[in-house]
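Dear colleague,

Please find below the structure I promised to hand over. My notes on it follow.

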Amino acid sequence: YYFGKSKEGLLLEGVKLIGEEVFGLNPARVDLWQQGEIAESVILTRAFMQRSTHISAVYLVHRNADSEIGRTIRQLENDYIQKLKRFFPKANEPAIEALFGLFLGLVFAPNLSDEAVRTAVSVVLQLSNQPTFSSASVSS
């Protein structure tokens, strides 16, 4: 894998690779989603995050930055939103936003067991089959 010659190029490629891991955008992760193994994909991301504890800080510090890194992070988020739309085609925009937040929360939340992740994903999948998930407006 070629990372470029500059320090910024190296950092940018690193952010792209990390983003693909965090958002499950690489082909292996997409395959897991296609097989219905969404929880297992989230668990793999959590394991990656536990090995690389600084990533969440880098994400939070740089995601709104007016820099190439910030723009790359936001593009990765957009790619992830497109993935969510692909796998939840009936979901309206608020539901897609909710899915984004719920899955990102599962990735970043400390001290969750694998079973808790599986339970949370199961609940999300059950809710995604409810009529309000795809209605024009969701009432509280």
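In which helix is the place of Glu21? Glu21 belongs to helix 1. Please bear in mind throughout that the model is a predicted one.

Glu21 has a relative accessibility of 18% and therefore counts as buried, the cut-off being under 20%. Leaving out residues up to four places away in sequence, Glu21 touches Asn26, Arg29, Leu44, Thr45 and Phe48.

Thr45 also takes part in the packing of helix 3 (residues 38-51) on helix 6. The axes of helix 3 and helix 6 (residues 93-108) lie 8 Å apart and form an angle of about 45°. Helix 3 is therefore oblique to helix 6. From helix 3, the residues making the contact are Ile38, Val42, Thr45, Arg46 and Met49, while helix 6 contributes Phe103, Leu106, Val107 and Phe108. Sorted by class, this contact comprises 7 nonpolar residues, 1 polar and 1 charged.

Helix 6 merits a description of its own. Its 16 residues span 22 Å from the first C-alpha to the last, close to the 22 Å expected at 1.5 Å a residue. Buried within helix 6 are Ala95, Ile96, Leu99, Phe100, Phe103, Leu104, Leu106 and Val107. These buried residues lie on the same side of helix 6, because the arc they cover around the axis is only 165°. Their packing partners are helix 1 (7-22), helix 2 (27-34), helix 3, helix 4 (55-62), helix 5 (68-87) and helix 7 (114-127).

Two further residues deserve your attention. The loop between helix 6 and helix 7 contains Asn111. Although Asn111 is not a glycine, its phi is positive, at about 60°. Asn111 has a relative accessible area of 78% and is therefore exposed, as the cut-off for that class is over 50%.

Gly70, by contrast, is located in helix 5 and is buried, with a relative accessible area of 0%. Apart from neighbours within four places in sequence, Gly70 is in contact with His62, Arg63 and Ala65. Between the C-alpha atoms of Gly70 and Tyr59, which are 11 residues apart along the chain, the separation is 8.6 Å.

When you open the model, I suggest beginning with the contact between helix 3 and helix 6, to which Phe103, Leu106 and Val107 are among the contributors; these three residues are also among the buried residues of helix 6.

With kind regards

Key:
Residues numbered from 1 in each chain as written. Predicted model: local features only at pLDDT ≥ 70, side-chain atom pairs only at ≥ 80, totals over all residues. Heavy atoms only, no water. Axes fitted to C-alpha atoms, helices over the stretch in contact; angles between N-to-C directions. Helix = DSSP H or I, 4+ residues; strand = E, 2+ residues; numbered from the N terminus. Parallel < 35°, antiparallel > 145°, perpendicular 65-115°, else oblique. Contact = heavy atoms within 4.5 Å. Nonpolar A, V, L, I, M, F, W, Y, C, P; charged D, E, K, R; others polar. Expected span 1.5 Å × (residues − 1). Buried < 20%, exposed > 50% of the residue type's maximum accessible area, 1.4 Å probe, protein only. Arc of directions from axis to C-beta.
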